[in-house]
Amino acid sequence: MSLLTSLARLRALEEGIAQPVATVRHCHLSARPMVFVPLKLSGEAAAPLAAMLGTERERPRLLVVTQPRNRDLRFAWAAELAGVLLPYIEGFLADTETVERRNADPYERAMDAPQLIVPNQGGVAFTRLLGRSTRFRRPDGPYPVPESVPVLGRWLTYFGERAAYPGSALMLAATEELGRHWASGQSGLEDANLAALLAWITTGPSEEAEDPLVWPPAGPATDPGFDAEVLAPAIESGKPERVAEALRTQLEPTWRLMWQAIDLLAGLPEGASAAQRWEQDRGSFSGMATHLAEGAPPQARRDGAVAAAARLARMERAQAAYDVQRAYDDPLVMAEYRLTGEAFAGEVVETDPDNTEGEGRSRKLRPLVVIKTDDPVRLPPGATLGTPQRRAQGAELVSAGEGLVTVKITKGMGRGRTAAPGAVPEVGERVCYTSLTDDFQGSPQLPEAEATPWTHGGPPQDYVPDDEDAQEEWS
Amino acid sequence: MNPPAASAGPEQDLRPEQVISDVLADLPRHRGVVVDSPPGAGKSTLVVRAAAHIAATGEPLMIVAQTNEQVDDLVTRISGKHPHLSVGRLSAGGYVPPPRMLELPGVRFGTRIQDLGDPDIVIATADKWAWIGDRVWPWAIVDEAYQMRSDKLLRIAGSFERALFVGDPGQLDPFSIVDGDRWSGLSWDPLQSAVSVLLRHNPDLPVHRLPVSWRLPASAAPVVSRAFYPFTGFRAGTSDGDRRLELATGGMGTVHDRALEEAARSGWALLELPNRHTVRTDGEAVQAVALLAARLLQRGAVASSEQGERPVTADRIAVGAAHRDQVAAIRAAGLPAEITVDTANRLQGREYDVTIVLHPLSGRRDATAFHLESGRLCVLTSRHRHACVVVARAGIAELLDAHPSAEPVQLGVPVKFPDGWEANQSVLDHLSRHRV
Amino acid sequence: MPSERLEAGRPAPRGEAMSTQHRLDALRGTTPPRPHDARAIAALAANPGCSRRALMDGAGVDKDAAARHLGFPAPFGQSPFAITRGNVFEALVKADGCAELLRMLREALGLPVAEVAYHDVENVGAHLRHAHTRALIDRAATGGQDAGTLYDHPLLTLEIAGHTAYLEPDVVAFQLGGRFHIVEIKSFAVIDGQADPAAVAAAARQAAVYVLALRTLLEELGHDPLQVSHDVVLVCPENFANRPVATLVDVRRQLAVLRRQLTRMTSLDRLLAALPEDVTFDLRPDEDGRPTRPVAELADALRGATARYAPDCLSTCDLCFFCRDEARQEGACDLLGRQVRDELGGVASVAEALGLADGTRDPAVGQEEIARLLRNAERLRRECLT
Amino acid sequence: MSDRLDDLERRIDELRAGVRKAMRHRDPATARTLRAELRSAERAWDALVSGEQPEVKAEPPRLVTVREQVHQGLRLLGAAAQPRLIVAVSDAFFGGTIRSAQLTSLRRDEERSFRSSPHGRPYYLCAALTDRLSAARGLLTLSTWPLERRVVGPLSPRVDFLTCAIAVAEHGEEHGAGDGRAARLLVRMARNIPGATDGTFGPPVPGQVAAAARAELRVHAERDTRDRAELAERATAQLGDTARLFGAATLMTIKKENAK
């Protein structure tokens with residue numbers, strides 16, 4: 001967190017209302033998101049207790065395990081969940097576009113993709129665990145489960161992994177996204193409480209937000225008090241409807257908060273690059289669907305050596321791109337870099353649009369631009385620069401000092417002898433340049449998994465989901 | 001760094017020569033050989049020796065380093081010591097060889113193996129090697145292997161049959177901008193260093209340790225050894241009095257002058273500023289650092305050592321700090337351009353006569369894992385041949401004392417030693433005896 | 001001798017320790033001391049910079065009770081489901097002479113098949129448990145071949161600031177390579193080899209307390225304390241089943257931290273010196289233990305000892321809500337977290353920081369830079385938001 | 001009914017408001033009391049919507065008494081065992097209806113009845129004796145067994161476990177594993193005996209389990225028999241009838257007695 005955000009938090013604390021830390025929305029928001037609020041049984045790793053979910057705020061579905069210790073009921077619950085989620089997910093597969101690729105076969109990409117929204121990171125983690133605990137199940141054998149359950153497991157696993165993928169919007173945690181756009185007057189730790197964070201953004205801090213009686217926790221963990229005084233007796237009574245009612249009281253408040261959060265995010269204009277990232281999400285989603293259709297085995301328990309390295313490379317690249325794109329899309333994010341001297345903005349006070357370098361054939365157009373700025377520039381001469389105003393262009397810092405920076409445009413000027421109109425900023429135009437650029441060269445080849453070198457344990461025995469996977473009993 | 005493997009003997013008692021010949025003897029016997037080298041223990045010398053040794057067998061050799069500077073440095077050393085060897089310097093497109101290298105005998109440059117003819121030795125960065133497929137070298141030497149991330153090794157390990165891994169376990173570990181928890185505990189965790197992954201899969205490989213630091217003076221070796229190499233340890237190659245730092249002109253009794261005098265006398269000085277919580281770019285501290293450097297030059301410091309006597313010119317001085325903005329601030333404070341000012345990460349593997357260090361914990365109110373990482377302080381306090389001056393605000397002891405310890409614990413991940421807290425404590429403890 | 005141990009057994013304070021001990025007792029007043037358990041001892045390292053906490057812990061004040069009485073009850077409830085789960089799991093691991101545990105020790109640590117001897121220390125009356133533990137451990141350490149393998153429900157002790165803390169490790173295992181191992185049974189799951197790092201850390205800190213206590217015991221008995229391994233056996237349910245799995249956890253770091261904290265506790269007199277003579281945290285419990293001390297009075301007394309609030313306290317300290325409220329009253333930047341507080345250099349209060357940012361307040365000596373940074377940040381925010 | 005619901009809901013809303021108000025006025029004491037009322041109101045509401053209070057579930061008609069079922073289980077196992085194992089056995093082989101909870105008071109009842117009319121019954125469910133000749137925690141035995149079988153030395157818990165495993169395996173073999181319950185019980189025991197399963201997750205072969213258990217048994221048998229003989233001797237020498245069946249009083253229990 002930068003000083004800029006810290007200042008916003010201080011301001012929020014002073015004014016008693018959250019402050020914006022973004023001027024645009026940095027995540028794609030689906031027209032039909034699937035809001036998913038799961039609860040788990042305290043003390044268990046991933047024993048589902050209930051979930052409230054749906055795509056319409058007026059029509060939440062409540063799924064309850066009325067006797068959490070009964071594993072058959074848990075699988076029945078998982079099957080019910082699949083009954084809601086799978087149709088939603090598969091609904092996006094019909095409508096596709098063909099994407100041509102350089103030196104690869106064209107592929108079909110879904111025009112739109114599902115989007116799961118959970119309250120918090122805990123919700124993401126629980127989704128991942130739920131996926132882990134169901135994807136290896138088998139419809140046959142000693143502990144058979146409904147066919148939809150392992151399929152659900154693989155999708156939940158997929159969404160859980162995408163949630164960790166920088167810039168992906170296939171699965172969002174409400175608190176994370178809100179925190180990316182508003183700074184509350186409390187600590188990051190406290191921001192993990194959805195009710196508290198929303199209170200800061202809408203009405204200002206509220207003691208009630210932390211009172212489990214007024215605002216039950218947004219899950220997946222339940223309020224211990226509720227467990228002891230309401231849930232336990234309800235379960236003891238052996239009356240399903242009573243358990244369901246009890247859990248409804250815990251879920252409904254969060255359900256309302258979730259839609260409030262969505263409204264808030266929807267209120268922001270979408271950042272320019274969000275669509276591009278969503279396109280990648282759609283591609284990834286289609287890829288997963290094909291994978292599934294081709295009957296590939298469920299995701300392994302953990303990444304092999306090659307898979308891990310490949311994933312790391314993808315994620316690092318995505319992270320870098322995400323950071324750059326946010327800054328280019330949003331002046332308020334760019335301001336963070338201006339504060340540290342990695343970017344500067346100001347008014348063009350002088351230009352030499354016809355400046356050239358080299359002679360004869362190698363003679364190139366290299367316009368010069370002088371910018372007056374109040375920002376502390378901490379970039380050395382020769383630094384490569386990019387600018388949000390002309391994303392295709394590349395520039396180089398010539399000199400900086402006394403609030404004046406001279407920049408030489410080195411890329412994207414075309415072949416011509418004179419600059420195309422508008423290619424070079426006019427005097428008086430406000431521009432911003434930064435050393436932050438996202439021209440990454442692709443990462444080099446990795447060996448095939450079966451060619452894993454001796455330094456990394458040699459070729460792995462290829463993965464077969466064994467009986468243990470399918471049979472580990474659910475306590 | 002982890003507690004020594006069974007294979008390790010009490011090598012600080014061994015003669016370096018002995019260790020080197022043991023290493024060379026082990027090369028044909030094992031698929032991989034690891035050599036731990038504390039700061040300035042002759043790692044490069046070993047690499048050059050091993051390179052020549054292998055080249056002598058007539059078998060081609062690939063050498064892997066982490067940065068272009070390191071590669072160029074190795075090329076220069078090798079062709080300097082063994083002009084008869086042909087060396088191919090592989091590089092990426094943008095690379096321009098420094099002029100001094102163009103004259104080197106038997107050295108060819110190129111972006112493709114084919115451009116190099118068929119040299120005895122091919123040298124490139126790990127990143128460049130990752131692009132070179134389709135050929136397998138019988139031998140490889142991997143330099144700075146502890147700073148190399150294991151996923152990089154994964155990309156190039158297919159290119160060699162057997163390899164010598166050389167590096168300093170005490171310096172900074174590799175890192176990533178993304179959260180790697182999902183891989184923790186895996187023997188091939190891509191965020192672990194090349195060596196830890198190598199050894200976890202091949203626990204029987206011999207691990208040697210260079211026992212003597214030729215860089216660190218007798219005044220520094222024990223301090224650094226105790227703080228950062230508690231299990232293995234090393235000693236100084238020179239003894240008290242072999243290294244001398246003299247200031248030609250007299251001082252004016254300012255704290256800065258007295259700090260320099262203390263450093264010249266004892267090899268260490270702690271210039272302590274009044275206790276205060278400050279921003280990272282603490283102006284007073286930055287000023288103090290700049291002044292120290294300036295005065296050091298003004299007072300015409302002369303360093304005499306086994307290598308003879310020479311003036312401490314600007315290029316023999318380095319200023320180290322933890323954060324980039326601190327480095328920028330110090331540069332902005334107007335130092336001679338020849339003085340190196342950089343972060344710990346970039347100072348790794350470099351050597352100077354005198355270093356001036358802005359203590360990572362100076363002016364902090366709370367220590368983060370970043371500030372406490374032992375490798376950071378290790379790099380900063382082990383770059384010098386003669387003296388190290390540390391600038392810090394008072395109160396670090398209290399800060400360490402108040403540090404809440406709630407580090408998460410991952411199953412199956414070997415505990416790293418030394419613990420950053422203990423290392424910091426140990427160094428601070430020593431510095432306090434040289435407080436000005 | 002053992003029976004005397006039982007009533008909050010405190011050795012007669014001596015010399016220098018005396019005054020400190022008396023001050024601490026005075027601080028606690030008529031409230032009975034809250035005996036430290038392993039978790040409490042491990043928690044000493046949670047926020048060493050906090051004098052308020054150091055003093056309350058040192059004096060054995062019941063922070064939880066204090067917080068309730070102040071009207072800021074701690075937010076740490078435990079669900080009955082979690083508790084049951086924990087008990088059921090421990091019972092399962094220990095069932096039939098620790099059959100499951102033996103399996104794991106055999107598989108994971110190569111325990112010889114012959115090593116199955118089981119001693120339930122609790123078979124003797126509670127008042128004898130510690131003495132019995134001593135005897136059994138002594139016999140094992142002396143290397144009687146039939147020394148036995150598993151000691152269930154042992155009772156160890158550790159001196160904390162003049163008070164004897166009684167510690168109950170789940171199981172002590174012997175004869176793993178001739179060394180003692182602490183066995184810690186926890187009901188959080190290990191899934192595909194990994195568990196919640198925070199939970200493991202907590203378990204490790206707690207186990208370290210047992211290791212230290214057991215080493216101390218061996219030392220008292222004249223044995224080599226290093227006979228106790230720094231690797232503890234962590235037993236958890238594996239994946240989503242009830243089946244237990246054992247993992248070795250190296251607690252050397254936690255031991256080092258623990259030692260540091262225990263030495264710190266002996267230096268409480270520094271903190272005491274800073275307190276007015278007559279101040280006390282006494283809750284003045286009535287005959288049925290209900291606190292009668294006027295809340296405002298207690299609050300004032302506590303404010304006398306400076307706290308060092310950080311949001312992390314919300315998960316580690318019973319008094320967190322009280323201190324957070326205090327921080328809010330003072331408009332302290334600590335509310336926003338350690339990082340923000342550190343970033344702001346010396347600036348401690350929200351109003352001050354904002355004043356510097358708006359330029360409505362002139363930087364004090366040494367505040368010039370943070371002022372510059374803040375003003376710059378404020379300028380940028382204004383520019384982008386208008 | 002429904003208007004009661006309305007009243008309750010109104011009340012709940014009032015209370016919620018009250019809690020908020022109290023919190024705003026920094027009056028946690030009131031807030032706490034209001035919260036309590038709120039909870040009870042909510043519970044009442046709960047109860048209403050989910051119908052009348054749950055009646056205690058009627059015990060299934062018990063043909064065999066708890067006492068007899070435990071006896072049955074112990075006879076099959078043939079060694080000192082913990083309630084949960086006894087219950088599992090009776091459940092697996094005799095369609096038992098007992099729950100562990102019912103066994104807690106059992107030993108005390110037996111002792112009482114023995115004291116009132118010694119040896120009045122053909123058998124008693126009694127304690128296992130520790131090396132201190134006191135009652136071992138959570139272990140049941142049969143009075144009809146020789147003392148050697150009722151005392152526990154250091155190795156006995158393991159030995160008894162193996163003995164029980166053999167018994168379960170063999171009984172399963174003779175009378176057929178019946179439904180899954182017996183099989184599951186055997187799996188649970190088998191996986192803690194080296195060599196009892198061949199690693200696969202299929203149901204274990206009873207013969208193999210018994211053989212494996214016997215193999216390990218041989219390792220411990222000699223010393224355990226020695227320990228037990230010695231303990232049994234001491235018990236015979238030092239204990240009266242009652243104590244021999246139900247364990248010598250520990251200092252603790254003596255204290256309790258005196259306290260009365």
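**Exercises on a predicted model**

**Exercise 1.** Work out what share of the contacts in chain B between residues at least 6 apart in sequence join residues at least 24 apart.

*Solution.* Take the contacts in chain B between residues at least 6 apart in sequence: 75% of them join residues at least 24 apart. Keep in mind that this is a predicted model.

**Exercise 2.** Decide how the radius of gyration of chain B sits against the globule rule.

*Solution.* Start with the inventory: chain B has 16 helices and 18 strands. Its radius of gyration is 22 Å, close to the 22 Å from the globule rule for 436 residues, so chain B is as compact as a globular protein of that length. For the outline, the C-alpha trace spans about 60 × 50 × 45 Å along its principal axes. Then burial: 54% of the 436 residues are buried.

**Exercise 3.** Place strand E1 (residues 32-36) of chain B: how many of its residues are buried, and which strands does E1(B) pair with?

*Solution.* First, burial. Of the 5 residues in E1(B), 5 are buried, so the strand is largely enclosed by the rest of the structure. Next, the directions: Gly32(B), Val34(B) and Asp36(B) point one way, Val33(B) and Val35(B) the other. Now the neighbours. E1(B) runs parallel to strand E7 (residues 160-167) of chain B, joined by 5 bridges, with Val33(B) partnered by Leu164(B). E1(B) also pairs in the parallel sense with strand E8 (residues 207-209) of chain B, over 3 bridges, and here Val34(B) stands opposite Val207(B).

**Exercise 4.** Describe the side of chain D that touches chain C.

*Solution.* Count first: 24 residues of chain D contact 24 residues of chain C. Elements supplying at least two residues each on the chain D side include helix H2 (28-49), strand E2 (135-142) and helix H10 (206-238). By character, that side divides into 12 nonpolar, 6 polar and 6 charged residues.

Definitions and conventions. Residues numbered from 1 in each chain as written. Chains lettered and ligands numbered in written order. Predicted model: local features only at pLDDT ≥ 70, side-chain atom pairs only at ≥ 80, totals over all residues. Helix = DSSP H or I, 4+ residues; strand = E, 2+ residues; numbered from the N terminus. Rg over C-alpha atoms; globule rule 2.2 N^0.38 Å. Buried ≥ 20, exposed ≤ 12 C-beta atoms within 10 Å, placed from the backbone. Contact = placed C-beta atoms within 7 Å. Nonpolar A, V, L, I, M, F, W, Y, C, P; charged D, E, K, R; others polar. Pairing = 2+ DSSP bridges.
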